[in-house]
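The report that follows looks at how strands, charged pairs and surface charges are arranged in one protein model. Please keep the sequence and the structure in view while reading.

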Amino acid sequence: MNATPSSTPTLELREVSKNFGSVQALQGVDFEVRDGEVMALVGDNGAGKSTLIKCVAGIYSIDGGQILFEGKPVAIHGPKDAAKLGIEVVYQDLALCDNLDVVQNMYLGREAHDPVFRLREAPMERRTAETLKSLSVTTIRSVRQPVATLSGGQRQSVAVARAVLWNNKLVFLDEPTAALGVAQTRQVLDLVTRLAEQGLAVVLVSHNLVDVFEVANRITVLRLGRNVGVYEKDKTNEREIVEAITFGAPAPEEAGVEA
Amino acid sequence: MTSETSAQPARAPSPLEWIRRFLAAPAVGPFLALLLTMAFFSLKSDRFLQGPNLSLVLQQVMVVGVLAIGQTLVILTAGIDLSVGTVMAFGQIVMTKFAIDQGFSPLTAIALGILACVAFGVLNGALVTGVRLPAFIVTLGTLNIAFALTHIVSKDLTYPPGTSGASTLPSQLLFFGRTFTVGHTEITYGVVLMFVLFGLAWFSLTQTAWGRHVYATGDNPEAARLTGIKTWRVLLSVYTVAGLMYGIAAWLLVSRTELGDPNAGQTTENLDSITAVVLGGTSLFGGRGTVIGTLIGAIIVGIFRNGLTLIGVEVIYQYLVTGVLVILAVAVDQLTHRRRL
């Protein structure tokens, strides 16, 4: 089905800018991610990571530059547009409705219904169970229990499973391990690896460089809304990335002027 | 869509599981409260459990019940509607005045009355979604606007003017006050309509995507938006449907009282509709509750008013009891579902 040559990035941002009044959240940012790879997106608070995600997800409209999906320029005006392209975002706060159950959350906003608008619960329930199983999420007792009753790791799993439910091509994960303990972090990182192995393009946004170095293939560093650089994981180390995050690279003296 | 996959069929739940599910079901608490209330009043009064009295309770409940459907929808989205009573009053004045004074055909007059209520619903919804004002303030404002309009339009007169004895209103306006008999008990068509509306509301809320979006919008509006739900559209539809319910309630009230009264809907309807919703287990924080619970809650409120009258408690104490009841119900809900911080 997917005839995209691997040389074309799944998603490519060219010179993307986004302003909030006088604040320039993104200034001419380039970014790319390809099928089957985990691209980490790192940067300090205010670097523009969340803004970039929301631009791609259609929550914000971009003020300048271009977004290309599989080589073609696209306009993303809302979450539905992003979903149509096959882009899913797992937000840091997970965007789950506590009082709704796992199935209801998985299909929220995209419910399957019959011609008289009755929800098709059985197929939704079955596919939810299958998707969780395919991601080796086995700790959730019932897909009919409210999300409020789940642990942090389970909630994260539901959010990730929702992102892969739709045969997507690209998944953004915003700080997926920030609120998790050691064992649950392990589960989620395994999940991230598995997504890339299934051929998806994965973008991992994280503060945790240990996690980043464990699962990412490449690392994009943002600082104050600008590109610092893209690093191959195998050709860099944590020190270099930390320096890029804090001072920008490659010229540390420039950072001194800005600060 | 993926083709057939080999998923194992769902296991049949064990009896123990059924009991657990039963106790965890949302409307079970309210239902037990209803049984307790009925037991109490049947011990206090022999007449309480008799068919004619229960039929009377339902007749008294039908107006508040239909109002409470609208109120449930609004509260599920974490809003509140204080304008229910006066909007309904405005609707019934429009209906009766247009039918009598302006010479409109009865059905046109009814449609105009309902439309007036829908317009108020749209106004509430537009202010809540478009201007992003709190529902509490918006509906407090429209409460007073509807109140004023009711008195301006009616010139403080009831319709038909000087009513005493048989009503001169066209029969269509009184249709839902008509009865049919089952056994020896008379049941009004209005009560039947109320049950039908509850059924429709139940279907829409539990079996359709729209209903799910209503819950999601009340539960976590930000999450709902991020999944692509147009929450403003959901909210607007909720307030509009609520207005429609108030319009239908206006028709029911005219059928029941056989007049259009500018002073209707000012005292008990607001509190009673909110009490019914809260007694029915719907959370004031939105996203949790059922319309079946609301039906039970409305019946509990009706039974309290009826039962207290039967055992000779003065009307003013009914207000006292309902006031205590609504606070108690919210407190119980709060203690059993503490919000995580």
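In this predicted model, strand 9 of chain A, which covers residues 218-223, has six of its six residues buried, so the strand is largely enclosed by the rest of the structure. The word buried is used here for a relative accessible area under 20%. The cover is found on both faces of strand 9 of chain A, since A:R218, A:T220 and A:L222 are buried on one side, while A:I219, A:V221 and A:R223 are buried on the other. This division fits a general pattern, in which the side chains of a regular strand alternate between the two faces of the sheet.

Which strands pair with strand 9 of chain A? In the parallel sense, strand 9 of chain A pairs over four bridges with strand 3 of chain A, residues 38-42, and within this pairing A:V42 has A:V221 as its bridge partner. In the antiparallel sense, strand 9 of chain A pairs over six bridges with strand 10 of chain A, residues 226-232, where A:V230 is the bridge partner of A:T220. Strands 9 and 10 of chain A form a hairpin with two residues between the strands, and in this hairpin A:L224 takes a positive phi near 50°.

A second covered strand can be described in a similar way. Strand 7 of chain A, residues 170-174, is mostly covered, with five of its five residues buried. On one side of strand 7 of chain A the buried residues are A:L170, A:F172 and A:D174, and on the other side they are A:V171 and A:L173. Strand 7 of chain A pairs in the parallel sense with strand 6 of chain A (residues 87-90) over four bridges, and A:L170 is the bridge partner of A:I87 there. Strand 7 of chain A also pairs in the parallel sense with strand 8 of chain A (residues 201-205), over five bridges, with A:L204 as the bridge partner of A:L173.

Chain A also holds an open sheet of four strands in the order 2-1-4-5, with antiparallel pairing. The edges of this sheet are strand 2 (23-33) and strand 5 (72-73) of chain A, each of which pairs on one side only. Between strand 1 (residues 11-20) and strand 4 (residues 64-69) of chain A, which run antiparallel, there are five bridges, and A:L11 has A:F69 as its bridge partner in strand 4 of chain A.

The next topic is charged side chains. In general, side chains of opposite charge can pair when their charged atoms come close. A search of the whole structure finds 18 salt bridges over all chains, and three of these pairs are set out below, with the distance between their N and O atoms.

| Salt bridge | N to O distance |
|---|---|
| A:D98 and A:R155 | 3.0 Å |
| A:R144 and A:E121 | 2.7 Å |
| B:R305 and B:D272 | 2.8 Å |

The pair of A:D98 and A:R155 links distant parts of the chain, for A:D98 lies in the loop between strand 6 and helix 3 (102-106) of chain A, whereas A:R155 lies in helix 5 (residues 152-164) of chain A, 57 residues apart. Is each partner buried or partly exposed? A:D98 counts as partly exposed because its relative accessibility is 22%, whereas A:R155, at 14%, counts as buried.

The salt bridge of A:R144 with A:E121 likewise links distant parts of the chain, with A:R144 in the loop between helix 4 (121-134) and helix 5 of chain A and A:E121 in helix 4 of chain A, 23 residues apart. Both are partly exposed, A:R144 with a relative accessible area of 28% and A:E121 with one of 23%.

In chain B, the side chains of B:R305 and B:D272 meet in a salt bridge. B:R305 lies in helix 12 (residues 291-310) and B:D272 in helix 11 (residues 268-279) of chain B, so the pair ties together parts that are 33 residues apart in sequence. Both B:R305 and B:D272 are buried. Elsewhere, salt bridges that share partners join A:D101, A:E121, A:E125, A:R144 and B:R212 into one network.

Finally, a positive surface patch is formed by A:K80, A:K84, B:K230 and B:R233. Where does B:K230 lie in chain B? B:K230 is placed in the loop between helix 9 (221-226) and helix 10 (231-257) of chain B, and at 41% relative accessibility it counts as partly exposed.

Note on methods: Residues are numbered from 1 along each chain as its sequence is written. Chains are lettered from A and ligands numbered from 1 in the order in which they are written. This is a predicted model: local features need pLDDT of at least 70, side-chain atom pairs count only at pLDDT 80 or more; totals for chains, interfaces and linings use all residues. Side-chain values use heavy atoms; hydrogens and water are left out. Patches are made of residues with over 30% relative accessible area and no salt bridge: like charges are joined within 9 Å, nonpolar side chains (Val, Leu, Ile, Met, Phe, Trp, Tyr) within 5 Å. Accessible areas come from the Shrake-Rupley method with a 1.4 Å probe; for residues, only the protein chains shown count as cover. A salt bridge is a side-chain nitrogen of Lys or Arg within 4 Å of a carboxyl oxygen of Asp or Glu. Lys and Arg count as positive and Asp and Glu as negative; His and the chain ends are not counted. The place of a charge is taken as NZ of Lys, CZ of Arg, CG of Asp or CD of Glu. Buried means under 20% relative accessible area, exposed over 50%, partly exposed in between (1.4 Å probe, protein chains only). Two strands pair if DSSP finds at least two bridges between them.
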